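Hi everyone, thanks for coming. Let's have the structure up on the screen, and then I'll walk you through a few parts of it.

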Amino acid sequence: MPTQQALRHLQDAFRNFFDKRAAYPLFKKKRGTQSAEYTRSAFKWEAAHRHLTIAKVGRLKVRWSRTFTSEPTTVTITKDCAGRYFVTLVLDETIQSLPKTDASVGIDLGINRLATLSNGDRLANPRHLARYQGKLARAQRLLNRRQKGSGRYERARLCVAKLQARIVDTRRDHLHKVTTDLVRRFDVICIEDLNVRGMVRNHCLARAISDVGMGEFARMLDYKCAWYGKELVKIDRFFPSSKTCSACGHRHAEMSLDVRAWVCPACGATHDRDENAAKNIYAVGHTVKAQGGRVRPKRAEARKGNPRRTVNQPVQHRA
Ligand SMILES: [Zn+2]
């Protein structure tokens with residue numbers, strides 16, 4: 001029953017607090033995302049008809065976004081702040097590895113471009129936020145003029161929430177397409193182990209970094225490589241990938257962020273800043289791999305304590 005699950009979640013929250021892993025639990029807001037978690041006895045799944053029945057609610061009309069073969073162990077129904085309902089299932093699926101391509105690549109993540117590949121491919125930054133910024137600002141101004149708690153306030157709030165949800169969905173959809181394509185094309189992918197949380201603290205870049213979705217890009221690559229039998233090599237974030245010449249190894253003392261292209265003073269090679277960085281990341285990634293260094297990032301091990309988040313990737317469905 002969801003009510004019992006809520007108590008279990010509260011207990012987890014307090015345990016995390018007393019073990020100093022988290023802050024004191026807060027009350028949830030009614031306006032935010034609402035969720036109910038159903039354990040095995042509280043729902044029924046009929047695979048033949050794809051019927052999902054929830055205790056005290058009945059059969060759900062679900063628009064399934066994907067197929068699965070295993071029996072769900074937990075069902076979570078969420079309603080997001082834009083008023084949409086989702087079904088998330090915890091599954092034990094065996095995922096088929098993708099065919100090997102014998103290709104590998106280094107990737108430099110950025111803001112001007114989402115990613116630059118060591119083979120010269122460029123993935124543009126679609127700037128999802130910029131596309132909706134005007135509309136969003138107008139909706140937010142309207143919300144600001146409404147009286148809190150009124151019916152018109154609620155309608156204006158929903159309007160803002162829907163726009164924000166649209167931006168988030170578009171961004172995620174694009175990142176999924178890009179990362180899946182990369183995992184299909186390459187067996188070994190080398191990226192920088194970026195400290196996105198630290199970078200976002202720079203308020204001049206925070207919006208651009210969040211909008212391009214660097215952290216999410218790396219996270220998707222990480223779990224998709226694990227799923228499909230590919231390898232993700234993360235290299236030290238302090239390696240000077242931009243400042244080093246990928247042709248001769250000459251290292252600049254300083255290079256400001258606005259230098260997009262440069263000529264190496266030692267060997268005369270002309271470099272695109274990001275492509276040169278991607279080539280260096282590729283080279284370092286392969287050295288790390290050959291030395292049998294820590295290929296998996298540290299976080300993957302830390303996360304083993306909660307296998308539900310890694311092994312059973314939740315499947316989201318629109319109800
Ligand atoms: Zn050089």
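**Helix α7 and its surroundings**

Let's begin with helix α7, residues 273-290: at 1.5 Å a residue, its 18 residues should span 26 Å, and its end C-alpha atoms are 26 Å apart, so the two agree. Please keep in mind that this is a predicted model. Just after α7 comes glycine 292, with a positive phi near 65°.

Which residues of α7 are buried? Among them are Ala277, Ala278, Ile281 and Tyr282, and also Arg273, Asp274 and Glu275. The buried residues of α7 pack against several strands, including β7 (104-109), β8 (113-117), β10 (188-192) and β11 (231-235). α7 lies across those four strands, β7, β8, β10 and β11, and runs at about 130° to β7.

Now for the sheet. Its 5 strands are ordered β9-β8-β7-β10-β11, making an open sheet with mixed pairing. β9 (122-124) and β11 are at the edges with a single partner strand each, so one side of each has no neighbour in the sheet. On average, neighbouring strands here are turned by 20° against each other, direction ignored. Looking inside the sheet, β7 and β10 run parallel and are joined by 4 bridges. You can find valine 105 opposite isoleucine 189 in β10.

Last, a pair of helices. Helix α2 (residues 128-145) packs with helix α3 (residues 151-185) at an angle of about 170°, their axes 9 Å apart. That angle makes α2 roughly antiparallel to α3. The residues of this contact divide into 11 nonpolar, 3 polar and 4 charged. Leu129, Leu136 and Leu143 are among those α2 brings, while α3 brings Val160, Leu163 and Ile167, among others.

Technical notes: Residues numbered from 1 in each chain as written. Predicted model: local features only at pLDDT ≥ 70, side-chain atom pairs only at ≥ 80, totals over all residues. Axes fitted to C-alpha atoms, helices over the stretch in contact; angles between N-to-C directions. Helix = DSSP H or I, 4+ residues; strand = E, 2+ residues; numbered from the N terminus. Parallel < 35°, antiparallel > 145°, perpendicular 65-115°, else oblique. Contact = placed C-beta atoms within 7 Å. Nonpolar A, V, L, I, M, F, W, Y, C, P; charged D, E, K, R; others polar. Expected span 1.5 Å × (residues − 1). Buried ≥ 20, exposed ≤ 12 C-beta atoms within 10 Å, placed from the backbone. Pairing = 2+ DSSP bridges.
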